[in-house]
Amino acid sequence: MPELFAYTDGACSGNPGPGGWGALLQAMDGATLVKERELKGGEPQTTNNRMELMAAISALESLSRASTITIVTDSNYVKNGITSWIHGWKKNGWKNAAKKPVANAELWQRLDAANQQHNVTWKWVKGHAGHPENERADELARSGMAPFRK
């Protein structure tokens, strides 16, 4: 059974501004690439954090059945949010530590629902550091943003 990986990234020109997200999904048999799929999209007025979330959401929602997958992101916001912070947010009625509404709560709720459908391992990599798959996810995000740039 191949191992599944999703490399996700978001981009924004201005923050807020036109934004894009990208996800590179790979099925690997050891070091051999079995199958690959690219996903991308964007919005005319958004934030970098929203695009980072959309990349992860889109990767998970694209899976047609419950899967074991490793999501690799260069966003500490996404990784820490889904693996740590979200538990407190849910317990506190989607309020953060300052008792204010959680930013992007509707996207966090969507990511939480998608995350629960799968067995997900979340990994962080340093962005723009020459990681080939992360660089490809960044290219997809910038491509997803392109139609919205003036």
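## Salt bridges and helix 1

Arginine 142 and aspartate 138 both belong to helix 4, where they sit four residues apart, about one turn of the helix. An α-helix has 3.6 residues a turn, so residues three or four places apart point the same way. In this predicted model, the side chains of arginine 142 and aspartate 138 form a salt bridge, with 2.9 Å from N to O. Aspartate 138 counts as buried because its relative accessible area is 6%, under the 20% cut-off. Arginine 142, at 42%, is partly exposed.

The count of salt bridges comes to six. Among them are these three:

| Pair | N to O distance |
|---|---|
| Arginine 142 and aspartate 138 | 2.9 Å |
| Arginine 136 and glutamate 36 | 2.9 Å |
| Arginine 110 and glutamate 61 | 2.8 Å |

Arginine 136 is in helix 4 (residues 132–145) and glutamate 36 in strand 3 (residues 32–46), so their salt bridge ties together parts 100 residues apart in sequence. Relative accessibility is 27% for arginine 136, which is partly exposed, and 32% for glutamate 36, also partly exposed. Salt bridges with shared partners join Glu36, Glu38 and Arg136 into one network.

The side chains of arginine 110 and glutamate 61 also meet in a salt bridge. This pair links distant parts of the chain, 49 residues apart: arginine 110 in helix 3 (residues 105–116) and glutamate 61 in helix 1. Arginine 110 is partly exposed at 34%, and glutamate 61 is partly exposed at 41%.

Helix 1 covers residues 48–61, and its end C-alpha atoms are 20 Å apart, which agrees with the span expected for 14 residues at 1.5 Å a residue. Of these 14 residues, 10 are buried, so helix 1 is largely enclosed by the rest of the structure. The buried residues include Met51, Leu53, Ile57 and Leu60.

Terms used: Residues are numbered from 1 along each chain as its sequence is written. This is a predicted model: local features need pLDDT of at least 70, side-chain atom pairs count only at pLDDT 80 or more; totals for chains, interfaces and linings use all residues. Side-chain values use heavy atoms; hydrogens and water are left out. Helices (H or I, at least four residues) and strands (E, at least two) are DSSP runs, numbered from the N terminus. The expected span of a helix is 1.5 Å times one less than its number of residues. Buried means under 20% relative accessible area, exposed over 50%, partly exposed in between (1.4 Å probe, protein chains only). A salt bridge is a side-chain nitrogen of Lys or Arg within 4 Å of a carboxyl oxygen of Asp or Glu.
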